[in-house]
Amino acid sequence: NLRREERQLQERGVLEYKHWQKENIPLENVTCYFHWKQITHSADYMMSEREYLQEYSVSDCYGITIDGKLISVLFSCEQCPCAFFENFSYDKEYADYSVGTLLYLYYLSQMIENGVITVYLGGGKHEYKKHFGSDEVIAGDCLLYRNVLSKYRYLGVRKIEGLIKKTIKS
């Protein structure tokens with residue numbers, strides 16, 4: 001199916017797989033990502049494109065373009081023989097062509113070519129994380145606080161949520 005969908009994409013224009021490293025990542029790629037995540041997940045990152053790249057330690061960006069127009073984007077953190085798949089999104093206009101999966105496959109092939117040993121996909125039960133012989137390994141589960149106030153603010157919110165649940169049940 002993926003080969004057929006890729007052929008169909010090629011019929012729509014010049015299909016290119018692209019890779020940008022940190023200093024050359026176009027900010028428009030992050031803008032597209034923000035826009036697509038807003039549409040599909042109602043996500044508002046409330047930060048600038050540069051802040052996103054810094055905050056999420058993005059070192060590499062991969063994309064698919066048709067006639068120069070970005071239709072899918074993926075961000076990765078690659079500082080050692082292990083990589084962390086940060087996130088990806090795509091233009092819903094091209095959802096029927098599996099552009100997210102095509103880009104993920106391209107990304108994995110680039111990781112193999114670059115000698116990356118492990119790609120960390122993070123938490124969650126998304127279907128794409130089960131493809132290509134992936135192994136699920138739970139390395140640990142913990143909370144880290146930047147400062148003491150953050151800890152107590154988090155614990156206070158959790159306590160209030162528990163009280164609300166108890167009140168609703170009774």
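What follows is a short tutorial dialogue on reading this predicted model.

Student: Since this is a predicted model, what is the mean pLDDT of the chain, and how does it vary among the elements?

Tutor: A general caution to start: where pLDDT is low, don't read the predicted coordinates in detail. Here the chain averages 84, with 72% of its residues at 70 or more. Among the elements, strand 2 (residues 60-66) has the highest mean, 97, while helix 5 (residues 148-169) has the lowest, 60.

Student: Okay, on to the sheet. What is the strand order, and which strands are at the edges?

Tutor: You've got an open sheet of five strands in the order 1-2-3-4-5, and the pairing is mixed. Strand 1 (15-21) and strand 5 (118-120) are the edge strands, each pairing on one side only. From one strand to the next, the twist averages 25 degrees.

Student: In which sense do strand 1 and strand 2 pair?

Tutor: They run antiparallel, and seven bridges link them. For a spot to look at, find Glu-16, which sits opposite Thr-65 of strand 2.

Student: Which strands do helix 1 and helix 2 touch?

Tutor: Helix 1 (residues 2-12) packs on the sheet and touches strand 1, strand 2 and strand 3 (69-78). Its direction makes about 95 degrees with that of strand 1. Helix 2 (residues 27-41) also packs on the sheet, touching strand 1, strand 2, strand 3 and strand 4 (82-90). The direction of helix 2 makes about 100 degrees with that of strand 3.

Student: Now backbone angles. Where is Ser-57, and what is its phi?

Tutor: The general idea is that most residues other than glycine have a negative phi. Ser-57 has a positive one, near 50 degrees. You'll find Ser-57 in the loop between helix 3 (49-55) and strand 2, and it is partly exposed at 39% relative accessible area. Ser-98 is also a non-glycine with positive phi, about 55 degrees. Ser-98 lies in the loop between strand 4 and helix 4 (99-113) and is partly exposed too, with a relative accessible area of 21%.

Student: Last one: how many disulfides does the structure hold?

Tutor: To call a disulfide, you want two cysteine sulfur atoms within 2.5 Å. This structure has zero. Take Cys-32: its closest cysteine sulfur is in Cys-61, 9.8 Å away, so that is too far for a bond. For Cys-82, the closest is in Cys-80, at 4.8 Å, also too far for a bond.

Student: And are Cys-32 and Cys-82 buried or exposed?

Tutor: In between: Cys-32 is partly exposed at 24% relative accessibility, and Cys-82 is partly exposed at 24%.

Terms used:
Residues are numbered from 1 along each chain as its sequence is written. This is a predicted model: local features need pLDDT of at least 70, side-chain atom pairs count only at pLDDT 80 or more; totals for chains, interfaces and linings use all residues. Side-chain values use heavy atoms; hydrogens and water are left out. pLDDT is the predictor's confidence in each residue, from 0 to 100. Helices (H or I, at least four residues) and strands (E, at least two) are DSSP runs, numbered from the N terminus. Two strands pair if DSSP finds at least two bridges between them. Axes are lines fitted to C-alpha atoms, for helices over the stretch in contact, and angles run from 0 to 180 degrees between N-to-C directions. Contact means heavy atoms within 4.5 Å. Buried means under 20% relative accessible area, exposed over 50%, partly exposed in between (1.4 Å probe, protein chains only).
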